[in-house]
Structure formats: structure tokens, C-alpha cells
Amino acid sequence: GEGGEAPKKKRKKIEITQEEYDGMSGMMVGELRKREELDEDDMTQEDLVNWYLDLRDDIDSEEGLIEAKRKALGVIQRLIQIDHTLVVLNLDELADITPESKRRDARKLAVHPNANADL
């Protein structure tokens, strides 16, 4: 039959190994720390994800890029919410931004002052 709706693609849960997580979080935290030391502008979540993806010269497909981006977003989310390694600097500015994905992209991130220096 015509006019039938295509089944919705269910978003696959992103699998990430502890090793991958440690590597990605270490790179991101290191870059944020470096920028802080150099007194450079704060990075938004979108800046940080793009910086990370630019480093990944092993990605050669659109699917690979999408998966790497989703992993990076997941790592950042965990660094903020669970590990408390990153803090969002501009929470008050974000309230009016919609949709949520845009709001998250606009978050300015910094390393929590109490985060371990050896990350």
C-alpha cells in the first residue's frame, strides 16, 4: 500500500567502552584546561564537540561522524552530570534557548575547580 508511514528509526543506544570514555574525556578536559590557562574564550559544547571531531582523522563516513558526535555528546553529558568534572558557566543565559539540543550546544563549559588534575 501507498501512503504508509515508514517505521520510525529507533535511536540506538551508544555503546562506549571505559577506555574510549577515558580517552575522550581526557582529551576534552585537557583542551578546556589549556584554554583556561591561556585565558582564551570559553568553549561552548558545540565548539568542544567540533574540536574533538576535527582531531578524528579516522572517520571516513557520515555514519561514523554521527556516531562519534553522539559519543562525544554523551561523554560531555556524563562529565557534567555524573563525574562533575565539567561545569556549565552560563546556565542563566540558556533558559530561553529552544530546542534543548540548541541549548546544550550553547553551554559554555569549564573544568570544575575541584576536578582531579590528573584527568
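These are my notebook entries on a predicted model, going from the whole chain down to one glutamate.

**Overall layout.** I started with the secondary structure and found five helices and three strands in the protein. Reading from the N terminus, I noted the order α-β-α-α-β-α-α-β.

**Burial and surface.** Next I looked up how much of the chain is covered: 28% of the 119 residues count as buried. For the outside, I have about 8700 Å² exposed, with carbon and sulfur atoms supplying 47% of that area.

**Contacts along the sequence.** I then took the contacts between residues at least 6 apart in sequence, and 63% of them join residues at least 24 apart.

**Helix α2.** I moved on to residues 45–55, which form helix α2. Which of its residues are buried? My list reads Gln45, Leu48, Val49, Trp51, Tyr52 and Leu53. I also wanted to know what covers them. The cover includes three helices, namely α1, α3 (62–81) and α5 (100–105), along with strands β1 (43–44) and β3 (108–111).

**Glu31.** Since α1 is part of that cover, I picked a residue from it: Glu31 is found in helix α1, which spans residues 18–37. Is this glutamate buried or exposed? Glu31 counts as buried because its relative accessible area is 7%, and the cut-off for buried is under 20%. Leaving out residues up to four places away in sequence, I find Glu31 touching Met43 and Trp51. Trp51 was already in my notes as one of the buried residues of α2, and Met43 falls in β1 (43–44).

Technical notes
Residues numbered from 1 in each chain as written. Predicted model: local features only at pLDDT ≥ 70, side-chain atom pairs only at ≥ 80, totals over all residues. Heavy atoms only, no water. Helix = DSSP H or I, 4+ residues; strand = E, 2+ residues; numbered from the N terminus. Buried < 20%, exposed > 50% of the residue type's maximum accessible area, 1.4 Å probe, protein only. Contact = heavy atoms within 4.5 Å. Areas by Shrake-Rupley, 256 points an atom, 1.4 Å probe, with all protein chains shown as cover.
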